[in-house]
Amino acid sequence: RIRADNLPSFHFTDIFQGLQQPRADGEETGDFVLRRRDQFMSYQLAVSVDDAAQQITHVIRGSDLITSTPQQLLILAALEQRAPQYGHIPLVVDVAGRKLSKQNGAAALDTHHPGRNLHAALRCLNQNPPLQLATASAPVVLSWAIAHWQRQLVPKYLTVTQLHL
C-alpha cells in the first residue's frame, strides 16, 4: 500500500473539466493498494510507471477514470516523476444514464460507416461538424476535426446522452 493519509491536500487542472480537488474526506487520496493479494501490481502503479517510462505528456480518457487521477499523481510524485497533463472527456450514456458498453448491452458501432461514427462522436464533444460530413469518409471527417478542433467546446460534465445515428 502507499501511505497517503498524511499528505497535504492538492489539486490538479484537467484539460477539459478544469480544476479538480480531491475530496476532503480522503476517499480519493487515502492509502491504496500497490501490490494486490495475488502479487500482481495494481493498475494504478502499472499505468503510472508506464506513463513515466514512456515520457507520456498527455493522457486523454473517459471521465469515468477522473477519480483515479489523484492516485496516479501521488504515485508519480513518490517516484519523483513528471506527471502528464490529464484530460477527461464525457462518457456517452444511454437515456437511463448507463455507460455504453458491451457489459451494459449497448449496440455495437456500425463498422461500415466510420465517418458517420466519427461525426456522431464530434457532435457529442460539441465540435459542431457540418451536417454534410455525416456521410463523408473517415479521413475527410478527421481532416475537418483536426482543422476545426476547439478544446473549450468539450462539455464540462462527465456524461452526455447518446446521440442517435
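Trainee: Which exposed residues sit on the face of α4 turned away from its buried side, and what makes a residue exposed or buried?

Mentor: That face carries Pro-139, Ile-146 and Ala-147. Exposed means over 50% relative accessible area, buried means under 20%, and partly exposed is in between, with a 1.4 Å probe and protein chains only. Please keep in mind that this is a predicted model, where local features need pLDDT of at least 70, side-chain atom pairs count only at pLDDT 80 or more, and totals for chains, interfaces and linings use all residues. Residues are numbered from 1 along each chain as its sequence is written, and side-chain values use heavy atoms, leaving out hydrogens and water.

Trainee: Which residues of α4 are buried, and how do you know whether they share a side?

Mentor: In α4, residues 138–148, the buried ones are Ala-138, Val-141, Trp-144 and Ala-145. They span an arc of only 130° around the axis, so they lie on the same side of α4. The arc is taken from the directions from the helix axis to the C-beta atoms.

Trainee: What makes a stretch a helix or a strand, and how many of each does the chain have?

Mentor: Both are DSSP runs numbered from the N terminus: helices are H or I with at least four residues, strands are E with at least two. The chain has four helices and six strands.

Trainee: Why is the packing of α3 and α4 called parallel, antiparallel, perpendicular or oblique?

Mentor: Their angle is about 25°, with axes 7 Å apart. The value falls under 35 degrees, so α3 is roughly parallel to α4. Over 145 would be roughly antiparallel, 65 to 115 roughly perpendicular, and the rest oblique. Axes are lines fitted to C-alpha atoms, for helices over the stretch in contact, and angles run from 0 to 180 degrees between N-to-C directions.

Trainee: Which residues of α3 meet α4, and what makes a contact?

Mentor: Contact means heavy atoms within 4.5 Å. From α3, Pro-114, Gly-115, Leu-118, His-119 and Leu-122 meet α4 residues including Leu-142.

Trainee: How do you know whether Ser-42 is buried or exposed?

Mentor: Its relative accessible area is 7%, below the cut-off for buried, so Ser-42 is buried. Ser-42 lies in the loop between β2 (18–20) and α1 (43–53). Leaving aside residues up to four places away in sequence, Ser-42 touches Val-33, Leu-34 and Arg-36.
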